[in-house]
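Student: I am new to this structure. Please take one part of the model, look at it closely, and then show me what lies around it.

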Amino acid sequence: MKILSGKKVFITGAASGIGRSTAMAMGKLGCRLFLTDIDGNGLKKTVDVISGSGGKVCEVRAFDVGDYQAMMSFAKDVHDGYGPIDILVNVAGVALFSQIEDMQHSDWKKVINVNLWGVIHGLESFVPEMIRSGNGGHIVSVSSTAGIIGLPWHTVYAGAKHAVVGMSESLRYDLRKHNIAVSVVCPGLVNTGMVQSVEIHATPEASDKLRASAPRIAITPDKVADLIIKAIRNRKFMVITSFDIWLFYFVKRCCFPIYHLVMMAITRFMDKSLK
Ligand SMILES: NC(=O)c1ccc[n+]([C@@H]2O[C@H](COP(=O)([O-])OP(=O)(O)OC[C@H]3O[C@@H](n4cnc5c(N)ncnc54)[C@H](O)[C@@H]3O)[C@@H](O)[C@H]2O)c1
């Protein structure tokens, strides 16, 4: 999809971080935007910035992506008013770092609800209509490094993000016949609201120290938005946002014993820092 101007794009998580940067970048390219987030105030700010610079936001609604009825109802309104969308971008997410023994059932549910059910609801509400239209399209889902590497302290987050990679891979092959391309984005640290909002089940001092160190090594959400747009243009499947993560993933696939040793060292480091 070389030319993005005029394309109808639905983006979740558009109130902040990667979702907001992607919405702004696509607005500048002339896309017609359909935006959501659970944070109504943040969403309004995104819409104001995009509209103020001449971008076109067609529909905007605040809701929980984990709420199937809310997603279906938004999709129905979009389809009734504008027809099928061209590009679906699943971005909304929440993060939790914890040891399993420190997690409540509600922690598992919250992370799965947003990071996995949120993506599923986006897919089931919008993709069948894309297929029926026969116009092709593109699906982007934001996973994480934790979606390709079983990072310590990330059990439920890694589970949801691995599932997003698995679903994307399956859809990549299933949807080729409909000319719908699929991308899955696996960022490392990105300097967004999540760096502060991530729930960490450790002492406040250890959590603050981890949060404070993150921005120094994080990339910007604008860079991730650029990579998402390049992936749509080049129909690229796996988007890994920095060389170190690409190398890590390569070692996992091609030299597992070395990966295992590195993972043991990372686990020891995380345990020491957070326990
Ligand atoms: N920031 C990072 O270091 C990082 C790294 C890897 C992957 N990611 C992934 O990138 C995506 C975007 O995160 P971000 O870094 O921009 O963080 P962010 O916190 O800035 O943005 C996430 C957005 O999701 C929204 N959201 C949360 N729960 C929601 C719900 N139930 N319904 C609808 N919207 C909801 C938030 O309100 C927020 O606007 C997430 O899927 C995250 O897991 C982030």
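**A parallel strand pair and its surroundings**

Tutor: Strands β2 (residues 32-37) and β3 (residues 56-62) run parallel and are joined by six bridges. The model is a predicted one. One pairing can be picked out by name: D37 has A62 in β3 as its bridge partner. On the way from β2 to β3 the chain passes through helix α2 (residues 40-52), and the β-α-β crossover made in this way is right-handed.

From this pair, turn to the nonpolar core. The largest nonpolar core has 64 residues, and L33 is one of those that touch the most other members, along with V9, F10, I11, I85, V89 and I228. Helix α4 (residues 105-133) contributes the most to this core, with seven residues. I11 can be followed further. Leaving aside residues up to four places away in sequence, I11 touches L33 and L35, and also G19, T22, A23, V89 and V91. Residues 33 and 35 fall within the range of β2, residues 32-37.

Next comes the ligand. Around the ligand there are 30 residues, and the closest are G17, G93, T192, G193 and M194. Helices α1 (17-28) and α6 (193-197) each supply at least two residues of this shell. The most comes from α6, which gives four residues. Sorted by class, the shell holds 16 nonpolar, 11 polar and three charged residues.

Two loop residues complete the tour, both with backbone angles worth checking on screen. W153 is not a glycine, yet it has a positive phi of about 70°. Its place is in the loop between β6 (137-142) and α5 (155-174). Is W153 buried or exposed? W153 counts as buried because 24 other C-beta atoms lie within 10 Å, and the cut-off for buried is 20 or more.

R235 is likewise not a glycine and has a positive phi, of about 50°. R235 lies in the loop between α8 (221-234) and β9 (238-240). R235 has 14 other C-beta atoms within 10 Å, so it is partly exposed; a residue would be exposed with 12 or fewer.

To return to the starting point, β2 and β3 are a parallel pair, the crossover between them through α2 is right-handed, and I11 touches both L33 and L35.

Key: Residues numbered from 1 in each chain as written. Predicted model: local features only at pLDDT ≥ 70, side-chain atom pairs only at ≥ 80, totals over all residues. Pairing = 2+ DSSP bridges. Right-handed = clockwise from strand over helix to strand, strands pointing away. Near = placed C-beta within 6 Å. Nonpolar A, V, L, I, M, F, W, Y, C, P; charged D, E, K, R; others polar. Core = buried A, V, L, I, M, F, W, Y, C linked by C-beta atoms within 7 Å. Contact = placed C-beta atoms within 7 Å.
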